[in-house]
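Reader: I am new to this structure and would love a close look at one part of it. Could you pick a single helix and walk me through its surroundings?

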Amino acid sequence: MPQVDSLITQDKLTSKDLYCHTKECVLHWINLYSKRYGVNEKLAKSIARCESEFKADVYGDGGKAYGTFQFHKPTFELFAKKFGDDSLDYLNPEHNVKLAIWALANGKGYHWTCYDKALKS
């Protein structure tokens with residue numbers, strides 16, 4: 001990542017630029033965290049597809065929701081606190097996936113409007 005390191009040194013790159021926003025990254029994180037937290041991967045993918053089409057940097061709900069799993073910031077912060085890690089970053093796409101899958105593992109699927117649709121598919 002020499003180009004990135006150079007841009008960081010020049011203060012021309014923000015932390016958001018370091019995040020992977022590709023569908024491949026999103027699918028990798030869904031696979032990884034589904035296994036880690038014992039969540040049905042197909043269910044998690046179905047919700048992500050419904051919420052954002054696996055897009056990591058998309059806003060929805062009139063600009064109130066962000067990321068692959070379309071968290072509202074107050075909900076993200078509440079879940080992060082319950083997860084035990086206040087340092088999770090709302091704009092970090094991996095944190096979005098990680099926290100969403102943790103939430104699914106902990107009975108919080110009702111948070112997503114796509115959850116019921118995913119259960120039926």
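Author: Happily; what follows is a tour of helix α4 and the parts of the chain around it.

A word on the ground rules comes first. This is a predicted model, in which local features need pLDDT of at least 70 and side-chain atom pairs count only at pLDDT 80 or more, while totals for chains, interfaces and linings use all residues. Residues are numbered from 1 along each chain as its sequence is written, and side-chain values use heavy atoms, with hydrogens and water left out.

Let us place the helix in the chain. There are six helices and three strands (DSSP runs numbered from the N terminus: helices are H or I with at least four residues, strands are E with at least two). From the N terminus on, they run α-α-α-β-β-β-α-α-α. Of the 121 residues in the chain, 40% are buried (buried means under 20% relative accessible area, exposed over 50%, and partly exposed in between, with a 1.4 Å probe and protein chains only).

Now to α4 itself, which covers residues 73–83. Its buried residues are F76, F79 and A80. Seen down the helix axis, they fall within an arc of 105°, so they line one face of α4 (the arc is that of the directions from the helix axis to the C-beta atoms). An α-helix has 3.6 residues a turn, so residues three or four places apart point the same way. On the other side of α4, P74 and K81 are exposed. Just after the helix comes G84, with a positive phi of about 100°.

What do the buried residues of α4 pack against? They meet β3 (71–72) and α5 (93–105), where contact means heavy atoms within 4.5 Å.

Take β3 first. It belongs to an open sheet of three strands in the order β1-β2-β3, with antiparallel pairing (two strands pair if DSSP finds at least two bridges between them). β1 (59–60) and β3 stand at the edges with a single partner strand each, so one side of each is left without a neighbour in the sheet. Strand β2 (residues 65–66) is joined to β3 by two bridges, and A65 has H72 in β3 as its bridge partner.

Aromatic rings also tie this region together. Rings of Phe, Tyr and Trp (its six-membered ring) pair if their centres lie within 6.5 Å; planes under 30 degrees apart count as stacked, over 60 as edge-to-face and the rest as tilted. By this rule the count comes to 10 aromatic pairs. In one of them, the rings of Y37 and F83 have centres 6.4 Å apart and planes at 80°, so the pair is edge-to-face. Y37 lies in helix α2 (residues 23–37) and F83 in helix α4, 46 residues apart, so this pair links distant parts of the chain. F71 and F79 form another edge-to-face pair, 6.0 Å centre to centre with 90° between the planes. Both F71 and F79 are buried. Ring pairs also link Y59, Y66, F69, F71, F76, F79, Y90 and W112 into a cluster.

Next comes α5, the other element that the buried residues of α4 pack against. K98 has its place in this helix and is buried, with a relative accessible area of 16%. Not counting residues up to four places away in sequence, K98 touches Y33, R36, Y37 and F83. Y37 and F83, the two rings paired above, are thus met again here.

The wider setting is the largest nonpolar core, which has 30 residues (such a core is a set of buried Ala, Val, Leu, Ile, Met, Phe, Trp, Tyr and Cys residues joined through side-chain atoms within 4.5 Å). I30, I47, F69, F71, V97, L99 and W112 touch the most other members. The elements giving two or more residues to this core are α2, α3 (41–52), α4, α5 and α6 (114–120). Of these, α5 gives the most, with seven residues. Leaving aside its neighbours within four places in sequence, W112 is in contact with I47, E51, F69, F71, A100, A103 and L104.

To finish, look at A44 in helix α3, which is buried at 0% relative accessibility. A44 touches I30, S34, V39, F69, I101 and L104, not counting residues up to four places away in sequence. A44 and L104 are 60 residues apart along the chain, and their C-alpha atoms are separated by 8.0 Å.
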